[in-house]
Amino acid sequence: MRREPKPPAGQPPAAPLKTRRSLLGRLALGLGLVALAELAWVVTSFLRPRTRSAGEDHGGLVVAGAVEDFAPGSVTAFPNGRFHLVHLPEGGFLALSATCTHLGCTVPWDETTQRFACPCHASLFDLHGEVESPPAPRPLDLYPVRVENGVVTVDTRSPLRRSRFDRSQVVDS
Amino acid sequence: MSGRVTGCGRRVGIGRSPAYNARWGERVERDADHQDHAGASLLRRVWRSAFPGRGIPRTDRDRALATRNTALLHLRPVRLPARTLRWTHTFGLGGSSLVLFTFLVASGALMMLLYQPTAGGAHLSVTAIEKEVVFGPLVRGVHYWSANLLVLVLLAHVARVFLTGGYHGPRQFNWVIGVSLLLLVLAASFTGYLLPWDQLSYWAVTISTGMLQYVPAVGPTLARVLKGGTELGTETLVVFYTLHTTVLPTTLVVLMAFHFWRVRKVDGVVVPPPRPEEVGGQPEKVLFLPHLLGREAAQAAVVLALVLWLAALFGAPLGPPANPGMSPNPAKAPWYFSGFQELLVHVHPVLAVVVIPLAGLFAALLLPYLTVDDEPAGAWFLSRRGRRLAAVAALTAATLTPALVALDELLGSGSAGAPGWLRGGLLPLVVLVAAVAAGYRLARTRFGATTNEAVQAVVVLLAVALAALTLIGVYFRGEGMALTWPWRA
């Protein structure tokens, strides 16, 4: 058994620097913190939102229709799919999310003024989804479009953010 | 063992000291009427075992004993300072909020029997309560009006505690608990707002959670956790319903118990200073029974009457079912968030959604620890000078806020002005901080205010400003969030 060094006579005993007790104490604290971290991980994993199962109209692949169904320069609303299918006058398709990028309201297309006008705080977007009037901070999100065998399909699984319109975003028919 | 047993179980007679017998002996005689002998009827014996008390107390001593020995009353003080009974001291706001809370629990529990927390069934089940259930509209009305009154009463209660200085000294932590309670009640109100699943609630929650997106880093994740996904749906309803009916009420009850306990531990509410005619000596104490209990019961009855009257006359609103494809114009947040929504129109989202609310929360929680403890408290507005300063601050905020809103309206591009982070973020923040600091300095130097009086003035300034913003947001914003007259909004 190892004895602690005896202090010089006449002085109070010196406090031990490191004992088994202090080591075990520190070990317990460390393990306790690890346990706490594990608990935090378990709780957040439980609470994390699951990806919702795709419905027929939204959250999956939406078959919009045949290419001929959409005249050039037309904007067709898909309310259940939460997007607008734009057939640009110069050709090509854009699937714009109908969710306003400001606070989440649904933006309808205004045929007379030829722009998307959000009813909540009057954000305005043009045919390409770019911001014409604030308070929206960025253009409308895009959904990937595929044109195969003359059929237009829109992938509504996850919207794509962009800072501005680019010709490369258009899918040619 | 010899000796008689008194009505409260004490043995008297042989084996006890003379002093003991002298004190308790007399009770034996009085208790004789209440003792149960074999001749007592079954009904009497059952009643006496459930309620072993001495009946309705008629003497002061009996009243004191009743307070101690009754389950419902034993947490209350037996005696309390007479000066705190003054109605204009507290207006019974704390007690009224507890009463409103019990109405909410009762009406809520009744509706839980009928409500369905699904996107398909929510509106239908609420319509059923409204159209088919006997007294359904009344229950809904009680719930709706109790909820709105509760938020108002709580804000008034916070104001009262603040303005009477009831957050110093041993009451510091109780203030912190109180602020937490307020936040939980707002959360409960917000989660309940979505449950009818009509156009109003769907879009109010859409934009309120939309505001969360602007919180840096954690915002989008926080919004997704709250919504149970990327959009509002049944998952959202289930999350909100669970929070609203289980998590929040339980937490509220626990915290309230703690809150009331802390009030008891400091011997009640902060004591107002004596009126000129009362000066001298210790505050006179009166019995809880009947002086405080009587007042509390009377106020509870008035609150009940008011809620029932409002519920019967106006009921709870129910709009058309939620339509994700069509946002109403305008789409407004619940009124207690309107102030921040109004702020959003003028300043950068991060300032309106993150910086200002967080700063406000921090200041509110730390308030008791940032003020001086040993200045006198208990009087409304602390002193005559405090009253004057508060009036000046309130007037300034009440005139300056609408003026600034109107100015921003003229200068900016109307309600569609999207401020960048410099003009809309940094600039207003700097101006706000400078105004607060200047106001504080002005109060201290020109008015000669004490620290607490100056802090009070600054808080009144900011509170009235937020109230003005809330009023503007609720009554003066119409289509497209443009400024309109209230009768058109």
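**Exercise 1. In which helix of chain B is the place of B:Pro290?**

Before we start, a quick orientation. This is a predicted model, where local features need pLDDT of at least 70, side-chain atom pairs count only at pLDDT 80 or more, and totals for chains, interfaces and linings use all residues. Residues are numbered from 1 along each chain as its sequence is written, while chains are lettered from A and ligands numbered from 1 in the order in which they are written.

Step 1: look up the helices, which are DSSP runs of H or I with at least four residues, numbered from the N terminus (strands are runs of E with at least two).
Step 2: B:Pro290 turns up in helix α12, residues 288-314 of chain B.
Step 3: check the bond before this proline. From B:Leu289 to B:Pro290 the peptide bond is cis, with omega near 5 degrees.
Step 4: try another proline. The bond from B:Asn329 to B:Pro330 is also cis, with omega near 0 degrees, and B:Pro330 sits in the loop between α12 and α13 (335-346) of chain B.

**Exercise 2. Compare the span of helix α1 of chain A with the expected one, then see how covered the helix is.**

Step 1: α1(A) covers residues 20-47, which makes 28 residues.
Step 2: the expected span is 1.5 Å times one less than the number of residues. For α1(A), the expected value is 40 Å, and the reach from first C-alpha to last is 40 Å, close to it.
Step 3: count buried residues (20 or more other C-beta atoms within 10 Å of a residue's own; 12 or fewer is exposed, in between is partly exposed; C-beta atoms are placed from the backbone). The count for α1(A) is zero, so this helix is hardly covered.
Step 4: place the helix in its chain. Chain A is divided into domain 1 (18-47) and domain 2 (61-169), with bounds from an automatic or database domain assignment. Their centres, taken over C-alpha atoms, are 51 Å apart.

**Exercise 3. Take two non-glycine residues of chain A with positive phi and work out whether each is buried or exposed.**

Step 1: A:Arg82 has a phi of about 60 degrees and lies in the loop between β2 (74-78) and β3 (83-87) of chain A. With 21 other C-beta atoms within 10 Å, A:Arg82 is buried.
Step 2: A:Gln114 has a phi of about 55 degrees and belongs to the loop between β5 and β6 of chain A. A:Gln114 has 11 C-beta neighbours inside 10 Å, so this residue counts as exposed.
Step 3: follow the strands onward. An open, antiparallel sheet of chain A runs in the order β5-β6-β7-β8, with β5 (109-110) and β8 (131-133) as edge strands that pair on one side only. Strands pair if DSSP finds at least two bridges between them; β6 (115-117) and β7 (124-125) of chain A are joined by two.

**Exercise 4. Describe the side of chain B that touches chain A.**

Step 1: the contact (C-beta atoms, placed from the backbone, within 7 Å) takes 24 residues from chain B and 16 residues from chain A.
Step 2: α9 (199-212) and α10 (219-227) of chain B each supply at least two residues of chain B's side. The largest share, five residues, comes from α9(B).

Terms used:
Two residues are in contact if their C-beta atoms, placed from the backbone, lie within 7 Å.
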